[in-house]
Amino acid sequence: MEQFSPDVLISEEDIALRIDALAKAINEEFEGQELVVVCVLKGAFMFCSDLIKKINLPVTLEFLQLSSYGEGMTSTGNVKIEMDLSGSIDGKNVLIVEDIVDTGLTLTSLLDMLAMRSPKTIKLASLLFKPSRNKYPVPIDYLGFEIEDKFVIGYGLDYAGRYRELPYIGVLNAGN
Ligand code: IMP
């Protein structure tokens, strides 16, 4: 199996520091309240896992899987819920945790779908955002890092199902 060695774009240490800051802001905003954390599979699993360890609130963890990019680097333009939440979010504070906002299509669609279920509040945490690719404006309440228009892998993000296990965000370069 072909295995490229990625260049590090954001180190494990920098991710950890940024997550501390995001969790602090979330703890302050929701002080004294409960939070339903919705981890968007598969890409957000590592970010969500590290983030909730730093949240000092009563958290209920939910998972949701959407139709994905498929095997390549471009969106199919079609967002569908493949695996839904296990419980109701009616009247609850919801925090969606996503790996990356690229064109914004996925999150725009998801926010619309979840807003119809009458949550008390709905906020979004995304580890990464590619502003140059954004077509659908998405309100990211807690953002890890803005990045250039590069296809990134690692720390949960994949290329054709690979590289999710890397502890850092990397860039694949043909030739190394
Ligand atoms: P959007 O709908 O265009 O915002 O795409 C969001 C989804 O595309 C993310 O949840 C990822 O699954 C995938 N994606 C977008 N850019 C990248 C990337 O650079 N690396 C890996 N996955 C990506």
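**View 1. The shell of residues around the ligand.** Of the 16 residues that surround the ligand, those that come nearest are Thr-103, Gly-104, Thr-106, Lys-130 and Val-152. Please keep in mind as you look through these views that this is a predicted model. Strand 5 provides the largest share of the shell around the ligand, with 4 residues.

**View 2. Polar atoms facing the ligand.** Zoom in here on three residues and their distances to ligand oxygen. From Asp-99, a polar side-chain atom sits 2.9 Å from an oxygen atom of the ligand. Gly-104 takes part through its backbone: one of its polar backbone atoms is 2.8 Å from a ligand oxygen atom. With Lys-130 we are back to a side chain, where an N or O atom lies 2.9 Å from an oxygen atom of the ligand. How much of the ligand does the protein bury? Taken alone, the ligand exposes 490 Å², and the protein buries 91% of that. Two elements, strand 5 and helix 3 (105-115), give two or more residues to the shell around the ligand.

**View 3. The largest nonpolar core.** This core has 31 residues, and those with the most contacts inside it are Ile-26, Phe-47, Leu-51, Val-97, Leu-128 and Ile-169. Which elements each supply at least two residues of this core? They are helix 1 (12-29) and helix 2 (45-53), together with strand 2 (35-41), strand 5 (93-101), strand 6 (121-129), strand 7 (142-146) and strand 9 (169-171). Helix 1 gives the most to this core, with 5 residues.

**View 4. Leu-128 and its contacts.** Here we stay with one of the residues that have the most contacts inside the largest nonpolar core, Leu-128. Setting aside neighbours within four places in sequence, Leu-128 is in contact with Ile-10, Asp-99, Ile-100, Val-101, Leu-143, Phe-145, Ile-147, Val-152, Leu-157 and Ile-169. Apart from the largest core lies another core, of 19 residues, among them Val-36, Leu-64, Leu-124 and Val-138.

**View 5. Two cysteines without a disulfide.** A disulfide is a covalent bond between the sulfur atoms of two cysteines. A search of the whole structure finds 0 of them. Cys-39 is in no disulfide, and its nearest cysteine sulfur, that of Cys-48, is 3.9 Å away, whereas a disulfide needs the two sulfur atoms within 2.5 Å. Cys-48 is likewise in no disulfide, with the sulfur of Cys-39 as its nearest. Are these two cysteines buried or exposed? Cys-39 is buried, at a relative accessible area of 1%, and Cys-48 also counts as buried, at 2% relative accessibility.

How values were computed:
Residues are numbered from 1 along each chain as its sequence is written. This is a predicted model: local features need pLDDT of at least 70, side-chain atom pairs count only at pLDDT 80 or more; totals for chains, interfaces and linings use all residues. Side-chain values use heavy atoms; hydrogens and water are left out. A nonpolar core is a set of buried Ala, Val, Leu, Ile, Met, Phe, Trp, Tyr and Cys residues joined through side-chain atoms within 4.5 Å. Buried means under 20% relative accessible area, exposed over 50%, partly exposed in between (1.4 Å probe, protein chains only). Contact means heavy atoms within 4.5 Å. A residue is near a molecule or strand if one of its heavy atoms lies within 4 Å of it. A polar contact is a pair of N or O atoms within 3.5 Å; within protein, one must be able to donate a hydrogen and the other to accept it, and residues adjacent in sequence count only if both atoms are side-chain atoms. Accessible areas come from the Shrake-Rupley method with a 1.4 Å probe; for residues, only the protein chains shown count as cover.
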